Structures are given as C-alpha cells and as structure tokens.
Amino acid sequence: MCGGDKLTRLAVADVVGHGEAVSRYSQMIYDEMVKRMGDMQGDELLADVNRIASGHGVRAMATAALVAFSTVSNQLYFSYAGHPPAMIKRHADAHWQPAPLPAVQGRVANVPLAVAPDATFDQQSAALCSGDRVFICTDGVLEAPSEQDGLFGVDRLTAVLDAHAADELPMLKRAVLDEVRSHTGGPLTHDDVTFMAVEVR
C-alpha cells in the first residue's frame with residue numbers, strides 16, 4: 001500500500017527457472033515496484049522493469065501481472081507482461097469474468113519481461129464497488145497437468161470460482177487449491193502455483 005493508504009497494488013510474477021538466480025531477479029522486480037508504489041501507471045512500471053530485466057538476458061525472463069486499486073477513483077488498474085489476466089467478480093454477479101487487455105497489432109506489447117527490451121505495455125481500468133472481488137494467479141494454476149484430462153485451464157478455474165463465488169475468501173482459495181490438486185492427482189511439482197483473491201471493502 002502507498003504511504004497515504006490511497007493505492008493498493010498486487011503483483012504476481014513468475015521468473016523462469018529455480019534457485020539463487022530466480023531469487024535475485026524476483027527481488028529486483030519487487031524492489032522496482034516498491035520504488036514506484038505511488039505510480040498509477042502500471043504499464044510504465046512494467047516497461048522500466050522490462051528494460052532492467054532485458055539487461056540480464058533470458059535468465060531474467062518472467063511473466064507478471066500488476067493490479068492496483070485506487071480508493072480515490074474506485075478504479076482497478078491492470079497491466080500484464082505475458083501473464084494470465086486477472087478475474088473479477090462483481091458483488092451483484094454470481095460469475096467471474098476475465099479482465100483482458102485489448103488485442104495489440106503492429107507492435108511488441110505485453111510480452112514476458114526480458115523478451116524484448118523495447119516492448120511496450122498497456123493498462124486498462126475497471127470500476128469496482130464494495131464487495132467486488134479480484135483473483136490473480138500464475139500460469140502454474142492454469143497449466144496444472146492431468147494425464148487423463150490435459151491442463152487445468154481457464155474453464156476449470158472459472159467453474160470452481162463460480163461454484164464458490166459466495167464463500168468467504170479463505171474457503172474460496174482452499175477450493176481452488178483442492179481442485180487443482182485433485183486434477184493433477186498428486187503433489188504440485190510441475191511449476192510454481194501461486195494465486196491471490198481479494199475483496200473490496
């Protein structure tokens with residue numbers, strides 16, 4: 001949160017690989033976001049982080065999603081770097097919907113960090129009210145594998161979110177994790193599995 005308690009930012013990033021190098025690059029991304037905490041422009045923040053990450057080559061390749069909520073405008077601002085879009089559920093709606101960015105033509109845009117140093121990033125916004133919810137996850141959720149049924153995918157994620165739309169957030173998150181584990185039929189060793197669910201108060 002910013003010092004004035006007016007802006008809350010959530011960030012999910014998934015750096016390629018494992019170990020010490022991943023920790024360093026993750027810290028680098030985090031530090032840059034902290035420095036720019038009060039900046040409403042998530043697209044510009046991603047562009048800056050991308051230029052830094054590009055200096056380290058493919059070792060620093062990462063996907064990222066930035067989501068920020070302003071209590072001044074009641075707007076949710078979202079930007080992505082090759083990352084699955086956030087999901088939004090309105091208080092009065094029983095269903096979750098993705099919050100995608102418009103399709104881009106003619107320029108390198110919204111790609112994973114460190115893929116192209118001159119890549120550009122976009123930002124969109126959506127008005128939120130008290131009781132509205134936001135869910136963001138890494139692709140380890142969507143790409144959880146099953147020998148019989150393929151990847152977990154957006155449709156299964158949406159189905160479990162809808163089925164537990166009225167639950168308290170801890171129960172909803174537990175339901176998502178249980179469903180992913182049931183789908184894989186074993187421990188989640190395929191990739192990092194990270195997700196967050198928040199509600200506007």
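Ala, Val, Leu, Ile, Met, Phe, Trp, Tyr, Cys and Pro count here as nonpolar, Asp, Glu, Lys and Arg as charged, and the others, Gly among them, as polar. The model is predicted: local features need pLDDT of at least 70, side-chain atom pairs count only at pLDDT 80 or more, and totals for chains, interfaces and linings use all residues. Residues are numbered from 1 along each chain as its sequence is written, and side-chain values use heavy atoms, without hydrogens and water.

Start with the largest pocket (on a 1 Å grid over the protein atoms alone, an open set of points where a 1.4 Å probe fits, with protein on both sides within 12 Å along at least five of seven lines; lining residues have an atom within 4 Å of a point). About 420 Å³ of space lies in it. Its lining has 18 residues, and Ala 11, Val 12, Ala 13, Tyr 30 and Met 33 are the closest to its centre. The lining divides into 12 nonpolar, three polar and three charged residues. Strand β1 (strands are DSSP E runs of at least two residues, numbered from the N terminus) gives the most, with seven residues.

The second largest pocket holds about 240 Å³ of space. Of its 14 lining residues, Thr 8, Phe 69, Val 198, Glu 199 and Val 200 are the closest to its centre. β2 gives the most to this lining, with three residues.

Now look at Phe 121. Beyond its neighbours within four places in sequence, Phe 121 is in contact (heavy atoms within 4.5 Å) with residues including Asp 43, Leu 46, Tyr 80 and Leu 113.

Conventions
Grid points are joined across faces, edges and corners, and a volume is the space filled by probe spheres set on the points. Helices (H or I, at least four residues) and strands (E, at least two) are DSSP runs, numbered from the N terminus.
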